[in-house]
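Hi everyone, thanks for making time. I'd like to walk you through a few spots in this one, so have a look at the screen.

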Amino acid sequence: MIQITNLRHRLIEIPDLTVDARHIAVIGPNGSGKTTLLSVCSGIEEPRAGTVRILGRPPSAVRIGWVGEFPDRTLLFSRVYDEIAATPRFRNRSCPETDERVRAAAALVGISHLRDAKVSTLSGGEKALVALAAAGADDPEVLILDEADSHLDAGTADRVQRVVRKSAAAHVLWCTQSMDTAACADYVIFMEGGVVRYHGTPDKVFAGLEETCFYPTMWRIRR
Ligand SMILES: Nc1ncnc2c1ncn2[C@@H]1O[C@H](COP(=O)(O)OP(=O)(O)OP(=O)(O)O)[C@@H](O)[C@H]1O
């Protein structure tokens, strides 16, 4: 469960929000506060006021896998293998266990062939996949993805969706500009001007967005 109480940070103001769903999409216009909300939920930033509790704990006490929008800014190592191995190594896993985790995470994301590649030689989409493999390499309790699908072709974005759905994480918090992706979530949070304008099941949230550009294209076609 994710519980937000009296949260204020930059433009964000969320008095009270409790979400008990696994796959949560965060959507809304540019500048509405989506990344800010994800940063606070991941523990990257401490909120100015209020609290976030995930699985009953502050984010700093939760094992979180994070994939940012610009992997170029977050990938730390020059070799793909070392990037994926970083989390298990930081958690003092043994070398054989780390190796097993790296191989499994790379295979799951479909980048086994890139394990020994240099990060600098990868495309933007491949870097996003490396970041996803790294985020999932040490059994995160919560996966947080900030527009991780923004550089991916449709096929790769689909693969990422499938990988994320297979993850054993208790919550996947995913900010996306693809309303078709958001429509597949269990729960949707629509932000506008720093406040949560709508939240609930996709049916409920998109009912309020039917006349806007935020209505899923696939739903519009099917109507
Ligand atoms: N580090 C920062 N310091 C001050 N203001 C910031 C910082 N990061 C973001 N902001 C401001 O907070 C507001 C919300 O930004 P945020 O990145 O959370 O929006 P967003 O909904 O994720 O936008 P986008 O869809 O464009 O990525 C913006 O007005 C932005 O200028």
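Okay, helix 1, residues 34–42: it's mostly covered, with seven of its nine residues buried. Those buried ones are K34, L37, L38, S39, V40, C41 and S42. Bear in mind that we're looking at a predicted model. Right after helix 1 you get G43, and its phi is positive, near 85°.

Now, the ligand. Which residues sit around it? Going along the chain, they're R10, L11, G28, N30, G31, S32, G33, K34, T35 and T36. So K34 turns up twice in my story: it's in this set around the ligand, and it's one of the buried residues of helix 1. As for the make-up of that shell, it splits into seven polar residues, two charged and one nonpolar.

Last topic, backbone angles. Most residues other than glycine have a negative phi. Here are two that go the other way.

One is N92, not a glycine, with a positive phi of about 60°. You'll find N92 in the loop between helix 3 (80–90) and helix 4 (95–109). Is N92 buried or exposed? It counts as exposed, because it has just 8 C-beta neighbours inside 10 Å, and the cut-off for exposed is 12 or fewer.

The other is E147, again not a glycine, with a positive phi of about 50°. E147 is in the loop between strand 6 (142–146) and helix 6 (154–166). This residue has 20 C-beta neighbours inside 10 Å, so E147 counts as buried; the cut-off there is 20 or more.

That's my tour, over to you.

How values were computed:
Residues are numbered from 1 along each chain as its sequence is written. This is a predicted model: local features need pLDDT of at least 70, side-chain atom pairs count only at pLDDT 80 or more; totals for chains, interfaces and linings use all residues. Helices (H or I, at least four residues) and strands (E, at least two) are DSSP runs, numbered from the N terminus. A residue is near a molecule or strand if its C-beta atom, placed from the backbone, lies within 6 Å of it. Ala, Val, Leu, Ile, Met, Phe, Trp, Tyr, Cys and Pro count as nonpolar, Asp, Glu, Lys and Arg as charged, and the others, Gly among them, as polar.
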